[in-house]
Structures are given as structure tokens and as C-alpha cells.
Amino acid sequence: MSPDVVIVGAGITGCASAYALAQLGFKVEVLEKYHPAAMGSGWTLGGVRQSGRDPSELPLATYSVSKWSSLDEELDAETGYLQHGNLRLARTEKERESISALVESQQALGLNLSLLTSSEEIRSIAPQISEKVVTASFCPSDGHADPKAAVAAYQRAAERHGAVFSCGEVVEGLNVEKGKLKSISTSGRTIHSEKCLLACGIGITDLVRPLGIRLPVQTALATVVQTRSAEPALKPVIGVADGGVTLRQERDGRYRLSSGVRPKARGLIEVAGRPTALTSIEDVHQVLKASLEVCPELETVPMESFWGGLIDMTPDGLPFLGEAQGAQGVFIAAGFSGHGFGIAPASAHIMSALIAGQTPELPYETFAPERFQDYAEGKDDSVTATLHG
Ligand SMILES: Cc1cc2nc3c(=O)[nH]c(=O)nc-3n(C[C@H](O)[C@H](O)[C@H](O)COP(=O)(O)OP(=O)(O)OC[C@H]3O[C@@H](n4cnc5c(N)ncnc54)[C@H](O)[C@@H]3O)c2cc1C
């Protein structure tokens, strides 16, 4: 029997949406080229934050944090979620101004974000931070989670509600007739379904371009370094004002350090059947240098691995969430621009409600997929400076 909804991509967006849709009673099939969390949702830092969000994303982040708080019980599995706060540091005078402005603007939006103005205050939350840093914002209700565990938790919960996951299957095309989705072509078969959700990260443009849908998504690169396990010490996620570095200590004691975003990817290859984003010595050096500047104690922690992570950047740094204009039944959740992990519960809520023909309880109009129909590609190669972590 054909599924009611086909989801393309088993990252956190696809898995959370599969769970939400299956809960609503839809027969869901998720198609994944590799395996769950093979791309963005595995490469990620795993920060779950409201602070530093664009005002239009803040309601989604706040909704998501309320969901993350009880997600382990809801999904009956460990997501590794820890609500230990987010500390965003100012390293220069210019950054001090931008952190102060951030605190003021986000407090005005109702977020519990405070301005710390001494090293003592900062080090009382994270003793590892360099004494040179004397200004920071702190949001106690932010946190982080274990990316692979969270994706697996959503997948298993979706499966318990009847969702089917087909991994190793590439979606090659969407067949739209007279403005309506009729079927989905994969590497092995044609699936007849009138609804699909494209939650395929950087794979989005290849699938929508043949339909005449223009989604300007640039593939950007961030570089991640992971250390070996160290004594658990650092609780909050650490970021900096310009997003140039983000780091956190994972549940098992390993540190995950992530660089800022460079506008152009260095390439994507397959290694042992896994998608592998190329990075460089320069990028690894940059993330280590920036991490040690704010957290000098990391100097002696043994390094374990590093990887590149590709980011689906949109011109305004905001995602595409909604139904494609002119292709009824084709729903899009992509372009998360380096901060889609934390808001996955909200993205899943919005997309499942839209697919079910209901009104989401969160504002989503700003994220309309058609907002860049007139955008001249190549016009601007820079990426909007967005924060992750
Ligand atoms: C280094 C780094 C740090 C980050 N830090 C944070 C953070 O701290 N907080 C935060 O909120 N966000 C962060 N992000 C962003 C976040 O990880 C992503 O926005 C999020 O994981 C995207 O999830 P997704 O499910 O939409 O896409 P993905 O996880 O990329 O999943 C898409 C899936 O679709 C599959 N696919 C693609 N095309 C096809 C096709 N044609 N057929 C079948 N399958 C296909 C892919 O294989 C992939 O598994 C970070 C990202 C990176 C790279």
C-alpha cells in the first residue's frame, strides 16, 4: 500500500516530522540516501538554543526547548538533552557592544537572557573560560543534546507509530502533473503518493529545480574537532559574539568544537559509503586557535577526530518551511542555515500540521519557500552571519 506521506531525508527534521505525522495517523515512509543522521544532523554541534535567534525564529526555539525538556520521556529514549545554558562571550570591544545589544533586544522579546560583566560572574558558570573575557550573555534555559541519540530516538518513536524507514534509497525526482504531486521516483522504484516532505538538507535544490521552484541554498562549510574524553567539567554551550567558534562538552566527556561558517564548501566525497565533507588544515587550525583563545585549559586535552559539516544556507539565514507554490503536495523543510537541530520539534510541528491541513500553533509565514523567487543567484556569495551552538 502506498504511503500517505513520503519524507525525503532521515536527519532530525525528517525523523521528528515522521514521528509527528505518524502520531497524527498518517502512513509515513522515510527515504534516506545513506543512514539516519548521515549529514547535518550527525555533523552538528548539537546546541539547543533560543539566545541569538532571529526574532522570527524565537517562538520556534522557545516551543522546541519546552519539548526538549520532556523529550526523553515522550520518546522513551535518551536524547542526551542537558539544559545547562548558553554562554556567549565577547572577546573585543566591538563584541561587547554586540552582546549588550543582543541581551537588550532579546530581553525585550521576553527571553531570560542576562548580561554578565565580569570574569568572576562568567567563571562562576564556566570556570574554564579565560580571565581575559569579561563580558558575556547567559541564557540558562538553553542547552545541548546528543545528535545521533536524538535522531535515533525520534526514528524509533516514529517506527513504533508505524513509520517505515528505507535507507540506502536515493530520491531522484518528483512527478508533478497539473500542479499536483503524483509520485516520487527513487533509485529503485516509483512510489505513488500525493504528499511528500523534503527534509533533505543540502539535497533540496536538486529535487526542486526540475519543478521550476527556485530555492537559493548555498552549501557552506563548518569544521568540527572532537577531543578524547576528559573529566566532565564544562556545562553550558560556549559561543562567541560573531559565531566564529562554538564548543561544548558532551555527556561522555569529549569536547566538540565547531568553527564559524565559511561560505563555500570544499567538496563532498563518499568514504566507505558515508558522505564526507572535505575540510582543511587551515579550517582545523582556525577552530583550535579560536577555542584555545576562550578556553585555554583545552590545550592539553588529546584530540580524537575532526570532520567537515555542510550547511544549507539561505540568503537571509532562515529556513524554508511550507508547501511549494505550484506543486501541491510538495512540502519543504530545509535551508536551516546552521541552526536547525535545536528547533526540530517546532519544524516537525509546523510541517505535520500543514500536511494534515491544520493551522500550526506557531508562526511560519516568514519562512515561505517562495520568498526568493526573484533572487538573482550568484548575486551575493557571502553568507548571512548566523550563529550555531
Ligand atoms: C558543524 C555544524 C554545527 C551545527 N551546530 C548546530 C547547533 O549547535 N545547533 C543547531 O540547532 N543546529 C546546528 N547545526 C545545524 C543543524 O545540524 C542542521 O540544521 C540540522 O541537523 C539539519 O537537519 P535536517 O534533518 O534538516 O538535514 P540533514 O541532517 O542534513 O538531513 C538530510 C538528509 O537527507 C538525505 N538526503 C539528501 N538528499 C536525498 C535524496 N535525494 N534522497 C534521499 N535522501 C536524501 C541526506 O542523506 C541526509 O541524511 C550545525 C550544523 C553543522 C554542520
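Which residue in β12 is the bridge partner of V6? In this predicted model, that partner is C196. I shall begin with the sheet around this pair and then turn to a helix and a hairpin.

V6 belongs to strand β1, residues 5–8, which pairs with β12, residues 196–198, in the parallel sense over 3 bridges. Both strands are part of an open sheet of 6 strands, ordered β8-β2-β1-β12-β21-β20, with mixed pairing. At the edges stand β8 (164–167) and β20 (320–323); each has a single partner strand, so one side of each is left without a neighbour in the sheet. From one strand to the next, the twist averages 20°. Helix α1, residues 12–23, lies across β1, β2, β8, β12 and β21, and runs at about 165° to β1.

Let us now consider helix α5, residues 93–108. Its 16 residues reach 23 Å from the first C-alpha to the last, close to the 22 Å expected at 1.5 Å a residue. Which residues of α5 are buried? They are E95, I99, L102, V103 and Q106. These residues cover an arc of only 95° around the axis, which puts them on the same side of α5. The general background is that an α-helix has 3.6 residues a turn, so residues three or four places apart point the same way. On the other side of α5, K94, E97, E104 and A108 are exposed. The cover over the buried residues of α5 includes α3 (58–68), β4 (86–90), β5 (114–116) and β6 (135–139). Just after α5, G110 adopts a positive phi of about 95°.

Strand β4, which we have just met as part of that cover, leads to the last region. It runs parallel to β14, and 4 bridges join the two. Within this pairing, L87 has I238 of β14 as its bridge partner.

Are the two faces of β14, residues 237–240, covered or uncovered? Both are covered: V237 and G239 are buried on one side, and I238 and V240 are buried on the other. In general terms, side chains in a regular strand alternate between the two faces of the sheet.

Strand β14 also pairs with β15, residues 245–249, in the antiparallel sense over 2 bridges. Here G239 stands opposite T246 of β15. The two strands form a hairpin with 4 residues between them, and G243 in the turn has a positive phi of about 75°.

To close, β14 is joined to β4 in parallel and to β15 in the antiparallel sense. Thank you for your attention.

Definitions and conventions:
Residues numbered from 1 in each chain as written. Predicted model: local features only at pLDDT ≥ 70, side-chain atom pairs only at ≥ 80, totals over all residues. Heavy atoms only, no water. Pairing = 2+ DSSP bridges. Axes fitted to C-alpha atoms, helices over the stretch in contact; angles between N-to-C directions. Contact = heavy atoms within 4.5 Å. Expected span 1.5 Å × (residues − 1). Buried < 20%, exposed > 50% of the residue type's maximum accessible area, 1.4 Å probe, protein only. Arc of directions from axis to C-beta.
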